[in-house]
Amino acid sequence: MAPNAPEKPIVMHPELYTWNIDWERWTKRFINPQTRVKDWDAIVEEQGTDIYTWPIFTKEFCKMIIEESESRDDIWTVARHEYYPTTDFLLEKIGLKDMYMKVLHEYGFPIAKHVWGLEGVSWGNNMNAEIFMAKYSLEAQGHLDSHIDESNYSITLALNNDFKGGGTYYHRQKTLVKAPTGHVCLFPMPTHKHSGRMLEDGIRYIIVAFCSKGRQ
């Protein structure tokens, strides 16, 4: 190592990073077995008008990625969003964006195409996403004001449920969603203005993907 080269951060859970070594083995451990079958109609539930949830990750994955993120004090920031700031970080900061994009291409974007009848490669292989982990806590940020995401649609992953209060409220749809651990929630923009409900106790962790259509 060069004398002035920065030290690489210590990885707490190297298993999370083996997805590009043995994808089949990785998915058997970290992807919900119901979802691996890819029978979308059997797993997708509509919680409100154009608000869909389904399981993707196992609880083990969710626990590991929370621990991986909290072991890094240098990555969390409140400066990424000018108008609706969250305590968050981009997933590439811990080297897991490519993994998450792979999962979205397998178990996320196809479901959006399925439930909305989207056609064309721009809704599939060419999809782009800004992906970040966020957390809500009484000490730092207990809620998020009503807003519209900068995306065609968003997919939010619930990483834990050991908190009180919280959840995402969709105002026009009059729907509160508190998805189980490992489940994601899909909703379109700009029709689904939403807010993060105030926590009463604990810490809420989520991973958010702002999904945008690519060019054909």
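Student: Which residues of β6 lie on one side of the strand and which on the other, and are they buried or exposed?

Tutor: In this predicted model, Tyr153, Ile155 and Leu157 lie on one side of β6, while Ser154, Thr156 and Ala158 lie on the other, and all are buried. Both faces of the strand are therefore covered. The count agrees, with six of the six residues of β6 buried.

Student: Which strands does β6 pair with, and over how many bridges?

Tutor: A strand in a sheet is read through its bridge partners. On one hand, β6 and β10 pair in the antiparallel sense over five bridges, and Ile155 stands opposite Leu186 in β10. On the other hand, six bridges join β6 to β13, again antiparallel. In that pairing, Thr156 stands opposite Val208 in β13.

Student: What is the strand order of the sheet that contains β6, and is the sheet open or closed?

Tutor: The sheet is open and has seven strands, in the order β1-β2-β10-β6-β13-β4-β3, with antiparallel pairing. The edges are held by β1 (45–48) and β3 (87–90); each has a single partner strand, so one side of each is left without a neighbour in the sheet. From one strand to the next, the twist averages 25 degrees.

Student: How many bridges join β2 to β10?

Tutor: Strand β2 (residues 51–55) and strand β10 (residues 183–188) run antiparallel and are joined by four bridges. One partnership to locate in the model is that of Pro55, whose bridge partner in β10 is His183.

Student: Which helix lies across β2, β4, β6 and β13, and at what angle does it run to β4?

Tutor: That helix is α5 (residues 97–107), which runs at about 110 degrees to β4 (128–137). The strands beneath the same description are β2, β4, β6 (153–158) and β13 (203–212).

Student: How should the relation of α5 to α6 be read?

Tutor: Begin with the axes, then turn to the residues. The axes of α5 and helix α6 (residues 109–116) come within 4 Å and cross at roughly 30 degrees. Angles under 35 degrees count as roughly parallel, and α5 is therefore roughly parallel to α6. In the contact, Met101, Leu104, His105, Glu106 and Tyr107 of α5 meet Phe109, Pro110 and Ile111 of α6. These residues divide into six nonpolar, one polar and one charged.

Student: What describes a pair of aromatic rings?

Tutor: Such a pair is described by the distance of the centres and the angle of the planes. The structure holds 12 aromatic pairs. One of them joins Trp26 and Phe61: the centres are 6.1 Å apart and the planes stand at 75 degrees, an edge-to-face arrangement. Trp26 belongs to helix α1 (residues 23–30) and Phe61 to helix α4 (residues 59–70), so the pair ties together parts that are 35 residues apart in sequence. Trp26 is buried, with a relative accessible area of 2%, and Phe61 is buried at 0%.

Student: Is the pair of Trp116 and Tyr153 stacked, edge-to-face or tilted?

Tutor: The pair is tilted, with 5.7 Å centre to centre and 55 degrees between the planes. Trp116 in helix α6 and Tyr153 in strand β6 are 37 residues apart, and their pair links distant parts of the chain. Trp116 counts as partly exposed at 23% relative accessibility, whereas Tyr153 is buried at 1%.

Student: Which residues form one aromatic cluster?

Tutor: The cluster consists of Trp23, Trp26, Phe30, Phe57, Phe61 and Tyr100. The edge-to-face pair of Trp26 and Phe61 was described above.

Student: In what order do the strands of the four-stranded open sheet stand?

Tutor: The order is β5-β11-β8-β9, with antiparallel pairing. Here β5 (144–147) and β9 (175–177) stand at the edges; each has a single partner strand, so one side of each lacks a neighbour in the sheet. Neighbouring strands are turned by 15 degrees against each other on average, direction ignored. Strand β8 (residues 168–170) pairs with β9 in the antiparallel sense over three bridges, and Tyr170 stands opposite Thr175 in β9.

Student: Where does Gln173 lie, and is this residue buried or exposed?

Tutor: Gln173 lies in the loop between β8 and β9 and is buried, with a relative accessible area of 16%. Leaving aside neighbours within four places in sequence, Gln173 is in contact with Thr49, Ile51, Thr191 and His192.

Methods:
Residues are numbered from 1 along each chain as its sequence is written. This is a predicted model: local features need pLDDT of at least 70, side-chain atom pairs count only at pLDDT 80 or more; totals for chains, interfaces and linings use all residues. Side-chain values use heavy atoms; hydrogens and water are left out. Two strands pair if DSSP finds at least two bridges between them. Helices (H or I, at least four residues) and strands (E, at least two) are DSSP runs, numbered from the N terminus. Axes are lines fitted to C-alpha atoms, for helices over the stretch in contact, and angles run from 0 to 180 degrees between N-to-C directions. Contact means heavy atoms within 4.5 Å. Angles under 35 degrees count as roughly parallel, over 145 as roughly antiparallel, 65 to 115 as roughly perpendicular and the rest as oblique. Ala, Val, Leu, Ile, Met, Phe, Trp, Tyr, Cys and Pro count as nonpolar, Asp, Glu, Lys and Arg as charged, and the others, Gly among them, as polar. Rings of Phe, Tyr and Trp (its six-membered ring) pair if their centres lie within 6.5 Å; planes under 30 degrees apart count as stacked, over 60 as edge-to-face and the rest as tilted. Buried means under 20% relative accessible area, exposed over 50%, partly exposed in between (1.4 Å probe, protein chains only).
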